[in-house]
Amino acid sequence: MSSTPAAMPDAAPVEFFTPAGYARLIGSPRGRAFPLSWMAQAEEADEGVFDRLLAIVDVPELNRMVAIHANDEKRHSALLRRCAARVGVAPEPVPPELHYIEQLRRMSGGGDLEAVFANGHWSIMQIFAMLQVVEERGVRQFPMVAAALRPVDSESADVVTAIIRDEQRHVGYARAISRRYAPDEASLGQVVALCREVEARAFAENERAYLRFAEEHDLLVCP
């Protein structure tokens with residue numbers, strides 16, 4: 001991750017990832033299958049990062065946290081894919097412009113794994129600072145998904161609610177690990193602030209692209 005966020009052009013804000021927006025999306029079977037599939041794709045999109053972290057996080061207690069987090073992500077993806085399959089319609093494939101983790105990596109200046117891990121302990125701090133911010137976003141957004149699912153698919157709503165509890169725990173893991181590998185609190189605070197800026201830009205970009213995709217593929221029910 002670069003120490004400075006990539007510059008992005010300003011764009012008009014969109015409010016789609018809201019209770020009303022999720023209700024419109026999840027209200028139809030095709031609309032419901034897609035976000036479940038999208039969430040599954042995001043959960044499994046680490047591309048080897050956790051494997052590398054398991055090899056280099058050298059504090060046993062923290063290494064166990066990394067292992068639990070990695071296994072949780074795989075389990076979440078499998079659960080969400082089963083939820084999507086249970087809808088009974090094939091979800092639209094997730095297009096590249098909606099690959100949220102890739103957006104974050106691109107916008108933060110990250111390239112291949114060697115670039116992501118190039119700076120030793122500083123890189124570990126950066127990775128977990130970003131993981132903290134991403135998990136915090138999930139803790140804020142997923143309750144709206146669960147609430148929209150509850151009237152039409154209570155089983156999937158229960159799955160998402162359980163995932164939220166895991167994400168809350170992951171926030172604690174990320175804070176503990178980033179703090180352990182930070183040179184000092186001031187540096188960590190600056191990195192977390194940069195991660196929040198990058199993530200907010202990625203979230204806004206993803207929200208706009210998601211709405212366009214949902215409209216173009218007729219996934220939304222009428223308000």
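**Exercise 1. Fold layout**
State the order of the elements in the protein chain from the N terminus on.

*Solution.* Read the predicted model from its N terminus. The elements run α-α-α-α-α-α-α-α-α. Now tally by type. The secondary structure comes to nine helices and zero strands.

**Exercise 2. Overall dimensions**
Test the radius of gyration of the protein chain against that of a compact globule.

*Solution.* Start with the chain length, 223 residues. A compact globule with that many residues would have a radius of gyration near 17 Å. The protein chain has 18 Å, so the value agrees with the globule rule. Next, take the extents. Along its principal axes, the C-alpha trace spans about 50 × 40 × 25 Å.

**Exercise 3. Surface and contacts**
Describe burial, accessible surface and contact range for the protein chain.

*Solution.* Begin with burial: 48% of the 223 residues are buried. Then take the accessible surface, about 10400 Å². Carbon and sulfur atoms hold 56% of that surface. Last, sort the contacts by separation. Among contacts with a separation of 6 or more, 85% join residues 24 or more positions apart.

**Exercise 4. The faces of helix α1**
Determine which residues of α1 (residues 19-26) are buried, and how they are arranged around the axis.

*Solution.* List the buried residues: Gly21, Tyr22, Leu25 and Ile26. Look down the axis of α1. These buried residues fall within an arc of 120 degrees, so they line one face of the helix. Turn to the other side of α1. There, Pro19 and Ala20 are exposed. Finally, find the cover. The buried residues of α1 are covered by elements including α2 (29-43), α7 (121-149) and α9 (185-216).

**Exercise 5. The span of helix α4**
Compare the expected and actual end-to-end span of α4 (residues 60-87).

*Solution.* Count the residues of α4: 28. Apply 1.5 Å a residue, with one less than the number of residues as the multiplier. The expected span is 40 Å. The end C-alpha atoms are 41 Å apart, which agrees. Then step past the helix end. Gly88, just after α4, takes a positive phi of about 95 degrees.

**Exercise 6. The surroundings of His170**
Is His170 buried or exposed, and which residues is His170 in contact with, leaving aside neighbours within four places in sequence?

*Solution.* Locate the residue first: His170 is in helix α8 (residues 154-181). Its relative accessibility is 0%. Buried means under 20%, so His170 counts as buried. Now list its contacts beyond four places in sequence. They are His69, Asp72, Glu73, His76 and Glu135.

Conventions. Residues are numbered from 1 along each chain as its sequence is written. This is a predicted model: local features need pLDDT of at least 70, side-chain atom pairs count only at pLDDT 80 or more; totals for chains, interfaces and linings use all residues. Side-chain values use heavy atoms; hydrogens and water are left out. Helices (H or I, at least four residues) and strands (E, at least two) are DSSP runs, numbered from the N terminus. Buried means under 20% relative accessible area, exposed over 50%, partly exposed in between (1.4 Å probe, protein chains only). Contact means heavy atoms within 4.5 Å. The arc is that of the directions from the helix axis to the C-beta atoms. The radius of gyration is taken over C-alpha atoms; the globule rule is 2.2 Å times the number of residues to the power 0.38. Accessible areas come from the Shrake-Rupley method with a 1.4 Å probe; for residues, only the protein chains shown count as cover.
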